[in-house]
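Colleague: I am new to reading sheets and the helices beside them, and I would like to go through one example slowly. Could you show me the structure, please?

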Amino acid sequence: MALVEDHLDAIGADFYAQLFTIAPESRDLFGAGMAVQRSRLVGALVRIVGNADDRETLVPYLEALGRDHRKFGVIDEHYAPVGTALVLAIRRALGDDWTPRFESAWIEAYDRIAAVMVGAARRDAVISPPWWDAEVVYHRRILDDLAIMQVRPHTDYPYRPGQYVYLTTPRRPKIWRAYSMASAPRDDGLLEFHVRTVGAGWVSSALVWRTEPGDILHLGAPQGHDVATPRSEHDLLCITGGTGIAPVLATLQELEQRQDGRRVHVFYAGRDRDHLYALPHLESIGVRYRRLTVVPVVSPDGPTDRSPDLMGNIVSAYGDWRKHRVYVAGPTGMVATSLERLRAQGVPDEQIVVDDYGLW
């Protein structure tokens with residue numbers, strides 16, 4: 001991997017070219033746009049190789065991948081051509097540096113990876129569907145680029161606050177994007193999502209501007225962390241910006257419902273005051289959940305100043321967080337600088353959960 005780290009994007013593109021040549025029928029598993037899919041492949045490869053010596057981390061990750069790939073329609077027979085295409089792509093990238101030893105190592109590694117993923121998918125097929133159908137029952141655009149929608153799955157959809165789901169819309173078939181649930185599990189089964197358009201994003205633009213009640217979405221299996229886990233006794237620090245507030249809202253609803261005794265601090269950033277769209281909801285929860293403290297963060301220089309240092313500086317100056325469980329979700333720059341300040345303060349990595357929401 002170290003030898004090809006400067007060519008990972010090319011490997012991603014070549015992998016799919018090889019796969020669609022070896023197994024042309026596999027092209028039907030994917031939507032029209034492949035850029036995000038290539039990026040996910042490269043990210044998964046880097047993560048797998050990086051954790052190759054950490055079985056306790058790697059195996060659950062691979063099992064989750066195997067379960068999640070069921071939503072694409074992946075079956076056992078797809079794994080062999082995928083392995084062949086992967087080895088061919090890396091071999092072509094390395095050229096003369098490729099050796100029989102490398103080939104043997106990659107083939108053995110892939111066989112083990114595939115075995116874990118296939119085993120998890122088979123076990124999951126006994127208890128869960130590959131995806132859930134969910135009807136849009138409410139849709140409201142609250143900003144030009146942001147909408148709140150509620151969906152009702154046709155069958156029970158078990159999840160925990162802080163988790164996210166890959167979903168797809170019939171307006172962009174076979175293209176899946178991740179969104180966090182913004183509501184704790186409810187008796188009526190409704191799930192709430194907050195969606196912001198990302199550039200000319202295929203799925204986000206369709207969800208914000210073209211989705212309406214009655215549309216049927218497909219939901220993959222829930223993934224991610226249970227931020228509101230009752231097994232934790234640590235007070236909670238949430239650092240968030242943009243739609244990263246969604247899983248925090250779900251967490252707070254859960255804590256309020258069970259009258260959890262932990263203190264919670266929420267630092268909530270927006271490009272400007274208007275983009276702190278969830279602030280009234282947070283304040284409403286705070287009236288009932290008295291152990292909640294909300295700190296809105298907006299740059300004094302206005303929306304043109306998106307300095308990621310602002311949040312990190314405010315959080316680190318506010319208090320000592322070394323005994324807190326920490327959840328960070330939002331734009332990449334804000335997440336990175338917040339983590340830097342927390343680690344400088346001595347907060348252990350095992351107490352920190354991170355969801356990177358990309359650009360503002």
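Modeller: Please keep in mind that this is a predicted model. Let us begin with helix H9, residues 309-318, which lies across strand S8 (236-241), S9 and S10 and runs at about 155° to S9.

Colleague: Which other helix lies across S9 and S10, and at what angle does that helix run to S10?

Modeller: That is helix H8, made of residues 279-288, which runs at about 160° to S10.

Colleague: In what order do the strands of the sheet lie, and is the sheet open or closed?

Modeller: To read a sheet, one follows the pairing from strand to strand; here the sheet is open, with five strands in the order S10-S9-S8-S11-S12 and parallel pairing. The edges are strand S10 (292-297) and strand S12 (352-356), each of which pairs on one side only. From one strand to the next, the twist averages 10°.

Colleague: How many bridges join strand S9 to S10?

Modeller: There are six bridges between S9, residues 264-269, and S10, and the two strands run parallel. As one case to look up in the structure, Val 264 has Leu 292 in S10 as its bridge partner.

Colleague: What joins S11 to S12 along the chain, and is the crossover right-handed or left-handed?

Modeller: It helps to look at the pairing before the path of the chain. Strand S11 (residues 325-330) pairs with S12 in the parallel sense over five bridges, and the partner of Val 326 in S12 is Ile 352. Between these strands the chain passes through helix H10, residues 332-345, in a β-α-β crossover that is right-handed.

Technical notes
Residues numbered from 1 in each chain as written. Predicted model: local features only at pLDDT ≥ 70, side-chain atom pairs only at ≥ 80, totals over all residues. Heavy atoms only, no water. Pairing = 2+ DSSP bridges. Helix = DSSP H or I, 4+ residues; strand = E, 2+ residues; numbered from the N terminus. Axes fitted to C-alpha atoms, helices over the stretch in contact; angles between N-to-C directions. Contact = heavy atoms within 4.5 Å. Right-handed = clockwise from strand over helix to strand, strands pointing away.
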